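Trainee: I am new to this structure and would like a close look at one part of it. Could you take me through the salt bridge network and its surroundings?

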Amino acid sequence: MLKTTSLIMAGLMLATTATADPRAPGSNPLFTDMFTADPAPLVVGDTVYLYTGHDEARGTEMFTMKDWRVFSSKDLLTWTAHGPIMKATDFKWAAKDAWAAQTIEKDGKFYFYAAVEHDKTQPGKAIGVAVSDSPTGPFVDARGTALIHNQMTPQGPHTWDDIDPTVFIDDDGSAWLIWGNFNCYYAKLKPNMIELDGPIKQFDLPHFEEGPWITRRGDIYYLTYASRDKSKDKDETISYATAPSITGPWTFRGVLTGSGKNSFTIHPGIITFKGKDYFFYHDASLTIGDQTGAIGRRAVRAEHLYYNPDGTMQPVEQTEAGLTAPRKD
Ligand code: FUB
């Protein structure tokens, strides 16, 4: 009897060893049981909520993205998956494509801004806003219509320039939406967070491609974005610019990261958590089963971020250790 029990225990231990992720919790990529992209971290008290896209492309498909996910962590090493928070088609006016998104908190509510493909009434990409009482959702469309659609940016060179929203509330309470592909657009939001409060204008940022992410540190505003110097870069890199105010003028500060491994796209997300700075991005280095990393199968990662005394950011090295590596500060 004792022998049988021991054998069963040994078998169970072997099974556990075979399926467990042997890497230190928090190593890159952060999630290995699904493909994730376009990380958008949000700090709420002692917790970080990480919103991601969910890549489901098979074979050589480009993007198949149906829903958005959220994960939470109190130490940036162990993460809890909360499942899907919304589908693209939960915006009833949207046809598909749960592309990049960002959530922000205001007055105890969570506003989720997301890029989707509009239905045929406004062909092209569009930005919706959904709201929830909880950072883990459920999120529901706050307007019933797109906040931004293709006809609102006629200066755009193509129908997918209205993507990748980043949202920011300044110290004076004013809220701003910044977004774009090829062109970087910005507009003020009304205090209700679901309507524009003024015209759509544009920033001129060298090599801007997409994925803007706005932050402020003291008196310096940072606009970090996916960039591509088309004369030399095959894949996107990440660059940033700084300004003395949210509306600029922006000074280009150079390249922050190289391209993500195996990935045409790369997408920044930056937070300060418990006094330290962190940088999130994606590459396409993860393989799950018979699906190797590809443009439509990406994996979210994180690194420590450091600033120089003059406020510039130190270049970010893409590592396997990620946030398991000890900090330098
Ligand atoms: O994930 C779909 C698109 O790819 C995003 O909107 C872009 O930022 C790029 O990552």
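Mentor: Happy to help; we will start with the whole protein, move in on the network, and then visit some other places for context.

Please keep in mind that this is a predicted model. The protein has one helix and 20 strands. Its radius of gyration is 20 Å, close to the 20 Å that the globule rule gives for 329 residues, so the protein is as compact as a globular protein of that length. Along the principal axes, the C-alpha atoms fill a box of roughly 80 × 50 × 45 Å. Of the 329 residues, 56% are buried. The protein exposes about 14600 Å², and carbon and sulfur atoms supply 56% of that area. Among contacts with a separation of 6 or more, 50% are between residues 24 or more positions apart.

Now to the part you asked about. Side chains of opposite charge can pair when their charged atoms come close. In this protein the count comes to 20 salt bridges. A network of them links Asp-170, Asp-171, Arg-216 and Asp-219. Let us pick out one pair in that network: the side chains of Arg-216 and Asp-171 form a salt bridge, with 3.3 Å from N to O. This pair ties together distant parts of the chain, for its two residues are 45 residues apart. Arg-216 belongs to strand β14, residues 208-217. Asp-171 sits in the loop between β10 (166-169) and β11 (175-179).

How exposed are these two partners, Arg-216 and Asp-171? Arg-216 has a relative accessible area of 28%, so it counts as partly exposed. Asp-171 reaches 67%, which means that it is exposed.

The two strands on either side of that loop lead us to a sheet. Strands of a sheet pair through backbone hydrogen bonds, either parallel or antiparallel. Here, four strands make an open sheet in the order β10-β11-β12-β13, and their pairing is antiparallel. At its edges stand β10 and β13 (201-203); each has a single partner strand, so one side of each is left without a neighbour in the sheet. From one strand to the next, the twist averages 30°. Strand β12 (residues 184-189) pairs with β13 over three bridges. One place to look is Tyr-185, whose bridge partner in β13 is Gln-202.

For context, here are two other salt bridges. Lys-232 meets Asp-229 at 3.5 Å, N to O. Lys-232 is exposed, with a relative accessible area of 64%, whereas Asp-229 counts as buried because its relative accessibility is 15%, under the 20% cut-off. Lys-234 and Asp-235 also meet in a salt bridge, at 3.4 Å from N to O. Lys-234 is exposed at 64%, while Asp-235, at 16%, counts as buried.

Finally, there is another sheet to find. This open sheet has three strands in the order β18-β19-β20, with antiparallel pairing. Its edge strands are β18 (269-273) and β20 (299-305), and each pairs on one side only. The twist in this sheet averages 25° from one strand to the next. Strand β19 (residues 276-283) pairs with β20 over seven bridges, and Asp-283 stands opposite Ala-299 in β20.

Methods:
Residues are numbered from 1 along each chain as its sequence is written. This is a predicted model: local features need pLDDT of at least 70, side-chain atom pairs count only at pLDDT 80 or more; totals for chains, interfaces and linings use all residues. Side-chain values use heavy atoms; hydrogens and water are left out. A salt bridge is a side-chain nitrogen of Lys or Arg within 4 Å of a carboxyl oxygen of Asp or Glu. Buried means under 20% relative accessible area, exposed over 50%, partly exposed in between (1.4 Å probe, protein chains only). Two strands pair if DSSP finds at least two bridges between them. Axes are lines fitted to C-alpha atoms, for helices over the stretch in contact, and angles run from 0 to 180 degrees between N-to-C directions. The radius of gyration is taken over C-alpha atoms; the globule rule is 2.2 Å times the number of residues to the power 0.38. Contact means heavy atoms within 4.5 Å. Accessible areas come from the Shrake-Rupley method with a 1.4 Å probe; for residues, only the protein chains shown count as cover.
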